[in-house]
2 protein chains.
Amino acid sequence: MDGEKEIPDFYIMLVEPKYGGNVGAIARAMANFEFKHLYLVNPCNLDDECYARSKHASYILDDAKVFSSFEEAIQDVDYLVATSSIESQNDKRHLRNSVLLEELTDKIYDVDGKIGLVFGREDYGLLNEELSKCDVMLRIPTSKLYLSMNLSHAVSLVLYTLYVKQSFEPQEKRNIGKVEKEKLYMFFSNLLDIIDHPKHKKEKTEVMFRRIMGRAILSKW
Amino acid sequence: MDGEKEIPDFYIMLVEPKYGGNVGAIARAMANFEFKHLYLVNPCNLDDECYARSKHASYILDDAKVFSSFEEAIQDVDYLVATSSIESQNDKRHLRNSVLLEELTDKIYDVDGKIGLVFGREDYGLLNEELSKCDVMLRIPTSKLYLSMNLSHAVSLVLYTLYVKQSFEPQEKRNIGKVEKEKLYMFFSNLLDIIDHPKHKKEKTEVMFRRIMGRAILSKW
């Protein structure tokens with residue numbers, strides 16, 4: 001750690017957004033809070049409504065990268081933060097372990113490399129298989145009576161919180177990249193084999209480990 | 001001060017909003033963060049788009065109070081917080097003195113009574129005569145390169161920040177109501193007369209005093 005400040009690269013990743021207006025409003029919020037990388041997985045048309053609502057941030061739409069699958073989009077991203085407003089449910093709980101927005105922004109600057117902020121579909125959010133590929137789940141605290149936020153509002157809150165944190169509190173950088181992280185997961189996978197962990201439980205246990213490590217980076221590596 | 005916690009009543013006041021979609025999205029954000037009072041001054045039509053974007057928060061639109069003037073809307077509100085993204089300009093500077101969102105939410109719970117959160121038009125915000133009636137100016141930090149936010153996003157950020165503050169940090173209440181405040185302003189006005197303050201400067205000086213007191217409540221009465 002050289003103590004030199006470096007702002008991590010954030011990638012705003014929208015998975016199958018349905019409304020151009022939302023995508024445009026998100027581009028504008030990105031410009032308001034100085035984010036520039038927009039990744040779109042199977043998006044709707046970036047129509048007139050989309051450009052109209054982006055206002056002076058149309059350059060972000062022009063520069064957006066479009067992918068045909070989630071796997072493709074996350075290929076060169078080191079750390080994935082998933083957002084979901086869906087509450088924990090029974091056996092899927094390990095997928096849904098979450099940190100609150102304020103906790104995340106306290107620690108995210110410890111991560112080195114490209115950080116993907118992943119937002120799901122307007123109606124049913126992220127699929128479990130998408131969630132399972134993410135390192136940490138982010139939860140925006142909302143009323144228990146009405147959890148589900150407008151997509152562009154959710155993005156805006158996350159970007160604002162990161163922007164304020166970064167603007168008003170100097171950050172130091174550490175060095176944990178994707179390669180080290182994957183080595184750690186590989187080690188754990190081998191460990192499960194060695195201790196004869198039941199094959200049919202292996203995948204689930206690995207996801208759980210990934211999730212725990214995703215949370216751990218938020219406290220202390 | 002009896003130490004008993006009481007959440008102040010917040011009134012979301014939109015001055016001449018132009019797009020039904022924005023009003024609907026704001027109603028939804030209000031439900032997400034447990035605000036219920038919506039005041040509308042000369043609003044656009046609350047059209048289908050408005051109701052569609054409010055989703056499960058149509059009850060807030062149904063209960064909204066509509067006013068034909070700003071004066072009428074603020075009549076029974078004790079403390080007014082104005083939001084503006086416009087930067088300070090020369091001689092209007094005393095109108096534009098502002099506190100940042102985080103500062104505001106740190107202290108707003110000290111205010112007793114009805115608090116109005118005032119948001120201006122999508123295109124040119126609040127008029128100076130409207131601003132001059134407010135107790136404090138709120139500024140949401142945004143990029144210097146692109147200051148102007150989507151209206152519903154701005155409201156959403158303010159409500160979220162208040163909600164998080166209120167949900168995670170217990171607040172104590174104090175007792176400064178509108179009557180005491182107006183008495184103080186009256187006293188200051190009389191004082192200006194007694195000291196022979198030039199008549200043509202009086203109104204400006206009064207606004208400045210109001211603004212300084214508005215800020216003062218945020219530190220220590």
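Two strands pair if DSSP finds at least two bridges between them. That rule is a handy way into this predicted model, starting with the middle of a sheet in chain B.

**The sheet of chain B**

Strand β4 (residues 79-83) of chain B and strand β7 (residues 136-139) of chain B meet the rule with three bridges, and they pair in the parallel sense. If you would like to find the spot on screen, look for B:T83, whose bridge partner in β7(B) is B:L138. Strand β7(B) has another neighbour as well: strand β5 (residues 98-100) of chain B is joined to β7(B) by three bridges, and these two strands run parallel. Here B:S98 has B:M137 as its bridge partner in β7(B), while B:V99 stands opposite B:L138 in β7(B). B:L138 thus turns up twice, as the bridge partner of B:T83 and as the residue opposite B:V99.

Now step back to the whole sheet. In chain B, seven strands form an open sheet with parallel pairing, and their order is β3-β2-β1-β6-β4-β7-β5. Which strands stand at the edges? They are β3 (65-67) and β5 of chain B; each has a single partner strand, so one side of each is left without a neighbour in the sheet. On average, neighbouring strands of this sheet are turned by 30 degrees against each other, direction ignored.

A helix also belongs in this picture. Helix α8 (residues 151-168) of chain B lies across β1 (9-15), β6 (114-119) and β7 of chain B, and runs at about 150 degrees to β6(B).

**Two residues of strand β1, and the core**

B:M13 lies in strand β1 of chain B. Is B:M13 buried or exposed? Its relative accessible area is 1%, and because buried means under 20%, B:M13 counts as buried. Leaving aside neighbours within four places in sequence, B:M13 is in contact with B:Y39, B:A73, B:I74, B:V77, B:L80, B:G116, B:L117, B:V118 and B:F119. B:M13 and B:S98 are 85 residues apart in sequence, and their C-alpha atoms are 18 Å apart in space.

B:I12 is also worth a look. The largest nonpolar core has 88 residues, and A:I12 and B:I12 are those with the most contacts inside it. Beyond four places in sequence, the contacts of B:I12 include B:I26, B:M30, B:F35, B:H37 and B:L38, and also B:V155 and B:L159. B:Y39, B:L117 and B:F119 are in contact with B:I12 and with B:M13.

**Two residues with positive phi**

Neither of the residues in this table is a glycine, yet each has a positive phi.

| Residue | Phi | Loop | Relative accessible area |
|---|---|---|---|
| A:K55 | about 50 degrees | between α2 (48-54) and α3 (58-63) of chain A | 48%, partly exposed |
| B:E16 | about 50 degrees | between β1 and α1 (20-32) of chain B | 25%, partly exposed |

**How the two chains relate**

Chain B superposes on chain A through a rotation of 180 degrees with 0.0 Å of shift along its axis, at an RMSD of 0.1 Å. That is the relation of a two-fold axis. The same surface serves both copies, as 100% of the contact residues of chain B recur in chain A.

**Chain A in numbers, and where to be careful**

Chain A has 10 helices and seven strands. Of its 221 residues, 52% count as buried. Among the contacts in chain A with a separation of 6 or more, 84% are between residues 24 or more positions apart.

How confident is the predictor? The model scores ipTM 0.76 and pTM 0.78. For chain A the mean pLDDT is 83, with 77% of its residues at 70 or more. Where in chain A does pLDDT stay under 50? One such stretch is residues 1-5, for which the model has eight contacts beyond four places in sequence. Another is residues 171-175 of chain A, for which the model has 18 contacts beyond four places in sequence.

Methods
Residues numbered from 1 in each chain as written. Chains lettered and ligands numbered in written order. Predicted model: local features only at pLDDT ≥ 70, side-chain atom pairs only at ≥ 80, totals over all residues. Heavy atoms only, no water. Core = buried A, V, L, I, M, F, W, Y, C linked by side-chain atoms within 4.5 Å. Buried < 20%, exposed > 50% of the residue type's maximum accessible area, 1.4 Å probe, protein only. Contact = heavy atoms within 4.5 Å. Helix = DSSP H or I, 4+ residues; strand = E, 2+ residues; numbered from the N terminus. Axes fitted to C-alpha atoms, helices over the stretch in contact; angles between N-to-C directions. Least-squares fit on C-alpha atoms with pLDDT ≥ 70 in both. pLDDT = per-residue confidence, 0-100.
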